[in-house]
Amino acid sequence: MSTHAKRERLLLADLLEAAGPEAPTLCDGWRARELAAHVVVRERRPDAAGGLLLNVLKDRLDKAMAEYAAKPYEELIQLIRTGPPKMSLYSVKQIDEAANAVEFYVHAEDVRRAQPDWSPRALDPVFSDALWSRLEKLARLTGRRSPVGLVLRRPNGQTAVAHKGTPVVTVTGEPGELTLFCFGRQDAAAVELDGPKEAVAKLTTAKLGI
């Protein structure tokens with residue numbers, strides 16, 4: 001059976017292909033071409049991908065990104081579709097699922113929701129539960145820079161604390177929408193925010209995410 005990560009990978013590739021290399025995305029400063037290059041570098045250049053987290057590798061990351069972004073767009077799409085090389089840790093099914101299901105979901109929505117004619121995508125319950133399970137584990141990490149207390153709530157009442165503090169803002173939505181919110185796509189997430197007006201305003205402009 002196909003994993004969530006594999007399905008989201010193929011969807012992301014299809015969306016990038018349909019949008020074209022110059023299409024906007026929700027990632028600041030990135031067109032579809034740069035987003036595609038990011039996905040490929042992350043999987044195929046571990047020596048440079050560390051620059052996503054470590055400033056000491058930032059120059060190497062920028063160079064690798066520029067090199068891949070300069071490749072034919074069709075080649076980038078094919079590299080995404082075929083996945084990482086066999087020697088990559090991402091080629092291990094369990095690691096791919098843990099590391100990429102959320103990554104590819106968020107980036108697929110980065111492409112979809114940057115288009116003027118986008119419409120909500122209904123996620124199957126199993127995938128929604130998988131996103132929630134992952135978000136529960138990542139909540140404190142993604143919410144660590146929140147300027148206010150942050151509680152995430154599913155419509156079924158399940159909650160997760162992303163950041164302790166006062167005042168508190170409760171963000172309610174489906175797991176996919178909460179995931180987008182916590183990964184810095186607050187403006188694009190279909191959620192409801194409950195809390196003091198000033199606290200809500202601070203949260204919607206905060207730099208959330210890993």
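These notebook entries record what I looked up in a predicted model of one protein.

**Entry 1. Salt bridges**

I began with the charged side chains. A search of the whole structure returned 16 salt bridges. I then examined three of them in turn.

The pair I opened with was E8 and R121, whose closest N and O atoms are 3.1 Å apart. I noted that E8 belongs to helix α1 while R121 sits in the loop between α6 and α7, so this salt bridge ties together parts that are 113 residues apart in sequence. Is E8 buried or exposed? I found a relative accessibility of 5% for E8, so E8 counts as buried. R121 has 25% relative accessibility and therefore counts as partly exposed. The cut-off matters here: buried means under 20% relative accessible area, so E8 and R121 fall into separate classes.

I turned next to R42 and E103, whose side chains meet in a salt bridge with an N to O distance of 3.7 Å. R42 lies in helix α2, residues 32-44, and E103 in helix α6, so the pair ties together parts that are 61 residues apart in sequence. I recorded R42 as buried, with a relative accessible area of 11%. E103 is also buried, and its relative accessible area is 18%.

The third pair was E177 with R113, where the closest N and O atoms are 2.8 Å apart. Because E177 lies in helix α8 (residues 175-182) and R113 in the loop between α6 and α7, this pair ties together parts that are 64 residues apart in sequence. E177 is buried at a relative accessible area of 13%, and R113 is buried at 8%.

Which residues are linked in a network of salt bridges? I listed E8, E109, R112, R113, R121 and E177. Two of the pairs above, E8 with R121 and E177 with R113, therefore have their residues in this network.

**Entry 2. The second largest pocket**

I then looked at a pocket. The second largest pocket holds about 220 Å³ of space. It is lined by 13 residues, and those closest to its centre are K6, R9, G83, P84 and D96.

Which helices supply at least two residues each to this lining? I noted α1 (4-19), α5 (73-82) and α6. Of the elements, α1 gives the most to the lining, with three residues. As to character, I counted four nonpolar, four polar and five charged residues in the lining of the second largest pocket.

**Entry 3. A nonpolar patch**

On the surface I looked up a nonpolar patch. L89, V92 and I95 make this patch, which covers about 250 Å². I placed I95 in helix α6, residues 93-112. I95 has a relative accessibility of 33%, so I95 counts as partly exposed.

**Entry 4. A cis peptide bond**

Most residues other than glycine have a negative phi, and most peptide bonds are trans. With that in mind I checked the bond from T166 to P167. This peptide bond is cis, with omega near -10 degrees. Where is P167 found? I located P167 in the loop between β2 (159-163) and β3 (168-172).

I also compared P167 with E198. These residues are 31 residues apart along the chain, and their C-alpha atoms are separated by 9.4 Å. E198 lies in helix α9, which spans residues 197-204. At 64% relative accessibility, E198 counts as exposed, because exposed means over 50%.

**Entry 5. Two alanines of helix α7**

My last entry concerns A130 and A139. I found A139 in helix α7, residues 125-142, and A130 lies in α7 too.

Is A139 buried or exposed? A139 is buried, with a relative accessible area of 1%. A130, at 29% relative accessibility, counts as partly exposed.

I also took a C-alpha distance for each alanine. A130 and V102 are 28 residues apart in sequence, and their C-alpha atoms are 9.2 Å apart in space. For A139 and L35, the separation along the chain is 104 residues and the C-alpha atoms are 24 Å apart.

Note on methods: Residues are numbered from 1 along each chain as its sequence is written. This is a predicted model: local features need pLDDT of at least 70, side-chain atom pairs count only at pLDDT 80 or more; totals for chains, interfaces and linings use all residues. Side-chain values use heavy atoms; hydrogens and water are left out. Patches are made of residues with over 30% relative accessible area and no salt bridge: like charges are joined within 9 Å, nonpolar side chains (Val, Leu, Ile, Met, Phe, Trp, Tyr) within 5 Å. Accessible areas come from the Shrake-Rupley method with a 1.4 Å probe; for residues, only the protein chains shown count as cover. A salt bridge is a side-chain nitrogen of Lys or Arg within 4 Å of a carboxyl oxygen of Asp or Glu. Helices (H or I, at least four residues) and strands (E, at least two) are DSSP runs, numbered from the N terminus. Buried means under 20% relative accessible area, exposed over 50%, partly exposed in between (1.4 Å probe, protein chains only). On a 1 Å grid over the protein atoms alone, a cavity is a set of points where a 1.4 Å probe fits but cannot get out, and a pocket is an open set with protein on both sides within 12 Å along at least five of seven lines; lining residues have an atom within 4 Å of a point. Grid points are joined across faces, edges and corners, and a volume is the space filled by probe spheres set on the points. Ala, Val, Leu, Ile, Met, Phe, Trp, Tyr, Cys and Pro count as nonpolar, Asp, Glu, Lys and Arg as charged, and the others, Gly among them, as polar.
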